[in-house]
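Visitor: Please bring up the model, and let us go through some of its residues together.

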Amino acid sequence: MIQRGMATSMRMQLFGMRVRTQLTTAVYRKALRQSSSSRNKFTTGQTVNLMAIDAQRFVEISTFINLVWSAPFQIVVALIFLYLELGYSVFGGLLIMVLMIPINSYLTKIAKKLQIQQMKLKDSRVMIMNEILSGMKIIKLYGWENHFIEKVENIRKKELVVLKKINFFVCILQMLWTLAPFLVSLITFGIYIAVDNNNVLTAQKAFVSLALFNILRFPLAMLPNVVTSIIMARVSVKRLNDYLSADELTNYVQRQEHKDGNCIKLTNCSFSWSKASSEGGAAEVTIPKSILSKINIQIRNNSFVAIVGSVGSSKSSLLSALLGSMELTEGTISIEKSMRIAYTPQEAWIQNATLRDNILFGQPMDEDYYRKVVQACSLLPDFAILPGGDLTEIGEKGINLSGGQKARVSVARACYNSADIYLFDDPLAAVDSHVGRAIFENILSSETGILRKKTRVLVTNNLSVLPFTDSIFVLKEGQIIESGSYGELLKQQGHFAHLISEYSHSEEAEEKSDDSEGKLAEMNKDAANFKIGSKLVEKEDSQTGRVKCAGSSVWLSYWSREAEKDNSKTYYYLTIYGVIGISQGVTNATGWYALTKGVLGAAKNLHNRMLYNIFRSNMAFFDVTPLGRILNRFSKDIDVIDNILQGNIRVMYMCLFSTAATVVVIAYELPIFLAVILPVCIIFYFIQKLYVSTARQLKRLESVSKSPVFSHFSETLSGISTIRAYSACEQFIEKNDNNVDYNNTFFFCSLISNRWLSIRLEMVANLIVLFAAIFAVFERDSLDSSSVGLIISYALNTTQNLNYLVRSTSEIETNVVGVERILEYSSLPMEAEWNIESTKPPSGWPTKGFVDFENYATRYRPGLDLVLKGITVSIEQGEKIGIVGRTGAGKSSLTLALFRLIESAGGCIKIDGIDIGTIGLHQLRQRLTIIPQDPVLFSGTIRSNLDPFSQYSDHELWESLELAHLKKFVTSTEGGLEHVISENGSNLSSGEKQLIALARALLRKTQILIMDEATSAVDFETDSLIQKTVRKEFASTTVLTIAHRLNTIIDSSRVLVLQAGEIAEFDNPQTLLKDETSIFHSMAEAAGLLNYQIK
């Protein structure tokens, strides 16, 4: 019968696994269909938790599903037989059970509310961790680690407070349900002996009743677990239901056959990011704000169309509207039915895969066309310097590619896709000018480009390409204010003509120095040790190796034996029986509370220790570790410690003491029983050892195989617009399904090993029952009936106790794998100390801004080649230094070295005479300012993104926004400085993000500023204003500019030209331009800057 129960349990767990699989895949599929408003409503952290935790709840409840009907059935059957044995007195015990129902119901409602609170806090914590991990480089550059540690810890504190409350109520529930079977027996026996003096509690009645009460004990003992699981499952069902029923994209793009030669038609179209919603009934409809209004566009087949406009004019939104990613509130949009679409987003999306796979994107390999595409995108030189060529693996989010390289890979993906309509969202902004011209001529040009017979829609701030387009649409504040050919727009003498006349001279002088140097070229020195096709992201390792009382029943035996001799002390025995039982319940509750307090204390320490170590880890760790792998530890592994581990420990101790009590009781009554204990224990030990080691390793493998599920999901969420545009949803769904199936393989093996254990433990338990019965028969002359009843009743409980003992022991070991994985990330290689009091620089340092490199050398990791070699250079106070160089020159390495994201391998860097290698990292990084190429914003407000430490007044914040030309935008929002920034700044354009990064720099006002292509995503009008602001506000500041546009550094004090990690040239730009043999001269010549007059 027990074996049937175990088999049923395994089948139910298999059912739970299948439900979890369906829910996981349903969440993934839903993510691909969600509307933009829904995506803003559900954060990445919440969505990850739906897969990691909420879906798992159905596996946990599956074990208890049958108890929903079997527990009441067992209780009813036991009560019927008790009635036959003890008569009407059993109804007293039944009354106790009835009274427990409203108490349990009340406590359950409170626990459910608290569970909802806890999951919301967990969602917030995981969401923030996702943002932190995505923007860790920016956090380190600004020295903001303490702010974000405090932010996460505050949420964690609230989460632990709610967990303590939950466990307090669960503790009360556990005590009540532990006491329930005892109180039922106490009240029943009490009424039985009270109603009639002739009622004697004989051994027969006592132990038959005790056996029936033991039948009651199991369903009553399991009810708290059932209730807890149901509460958690109900909360998860609500969360999953909210997510799965959220708004999806409306298929408003009509795919029709056009006979007029147009492939795209928009007629009087208005678009918003959310749907119209009903409030207070169908009569009240809230119309969302239109992002694009009254758009009328007709695009001819095979034409080249440009879309231009200032920052925030909704240029990128227009492409999103064409892709069907917005909501159509008015008008009609139609695209030629037979035409396929390819798309390159403004922020290029790169998968954690090889370069080749990123370009093919699921398409079959065509060697000739593939080579033609990569050559057109100027990728062959990059392949040449990679040890694995195009088979070299690229890290998550293209971590080891520069912005220009990511853009070119994105363009190559679009070209290889062989579509009919190409939507380009300013891909030329991130590449150097000669590469940009090559891409234009080889790909976009209507005369020489490989896409010349395709329809091309280009969003751009690059004015030089506009004369070669067929038509241009000028956007302002979400409306088309001008349209026509280049010549027609110039004749109109409108806004477009003004832009051309004012800023075309800057465009002619534009140069993007070879951004392909970036991280890839320098990490190639890293990669010099790679083999072809070798992996950058290391495979996640899994470790190997090891990581109830008998009192009341004994007293009942004594009571029944004495009652047969003398019935006068019945109430005395009943009182003692009651005291022992209540003591058991109180002790149980006290133990549960102490265990909860200890486990939650450990959970707090483990989480905070891992959090601190993650922030202290060097950047090399984040380059090679997928985000999903780290998130898995902060979500699933922390949840195991919070909610599962303490239950495992409690069950283990209960079963251990119960089993020990069984052996002691039987041995006390039958000393000869000790003869079989040793061989039985040996058998038990070997079964347990074999099972636990296997189960532990399977759990490790299951945990490791779960990380790719989360990594792939996070990657999908970040590239969802690209996936939809290429109609690649099925391809990604298949990969997700394969990841989930692989993870389920190890879970299924765990279930099979459980089944193996059950069969063998049944054998051991049956041996105990067999020998107890045999020895009881042999000793029948010396044993009375009450003793025999006690022995047999305890022996019969052994099977259940042993099963749960080994299973709980195994689950502790397997779940401790979560602790092991957290500890693994609590001992990572760390950066230098953040603050060193003994070498603390003076207040206000640096006061002048002198920077001296003295024979400085560095490498990315020990054992790799140097990326900077013997750099010796002195930069004077207030100098404006332009830093240029070709691929692999070391420009980015120089920036990283200044902020000590990579450490010295020789020589030193001094700022105002202080060796930066001797001071703390925060003492350095918080005294420097950088405006990065890829700005990162965090969920919160504009205020918190500008001033996370609340160091500045509102006046200073508004002043910085005005200088960054953002004041108009911020004042137009509802909250002003408190305007909510969505996760990863998704509700702002790339240009607006860059301007906020500029405002940060203006606030810090440090004596040294590093600019890394700070205005690549803004239009030329805004760029011109920003350059004037920088020259004025940082007039006395030492400014180092990583030059991606040579015109931005042509009037620098001096230009530093790097080549192969060494200084090739360092002089006044005029002097270098005059030297026809100089590298800078050749770069300027390629950019058409030789006749540029320095103003």
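Guide: T392 is found in the loop between α13 (380-385) and α14 (403-416), where helices are DSSP runs (H or I, at least four residues) numbered from the N terminus. This is a predicted model, in which local features need pLDDT of at least 70, side-chain atom pairs count only at pLDDT 80 or more, and totals for chains, interfaces and linings use all residues. Residues are numbered from 1 along each chain as its sequence is written, and side-chain values use heavy atoms, with hydrogens and water left out.

Visitor: Is T392 buried or exposed?

Guide: Buried means under 20% relative accessible area, exposed over 50%, and partly exposed in between (1.4 Å probe, protein chains only). T392 has a relative accessible area of 4%, so this residue is buried.

Visitor: Where is Y83 placed, and is it buried or partly exposed?

Guide: The place of Y83 is in helix α5. Because its relative accessible area is 31%, Y83 counts as partly exposed.

Visitor: Which helix gives the most to the largest nonpolar core?

Guide: A nonpolar core is a set of buried Ala, Val, Leu, Ile, Met, Phe, Trp, Tyr and Cys residues joined through side-chain atoms within 4.5 Å. The largest one has 244 residues, and those with the most contacts inside it are L216, L266, L466 and I614. With 17 residues, the greatest contribution to this core comes from helix α8 (residues 145-195).

Visitor: How many residues has the other core, which lies apart from it?

Guide: Among the residues of that other core are L966, L988, A997 and V1030. Its residues number 26.

Key: Helix = DSSP H or I, 4+ residues; strand = E, 2+ residues; numbered from the N terminus.
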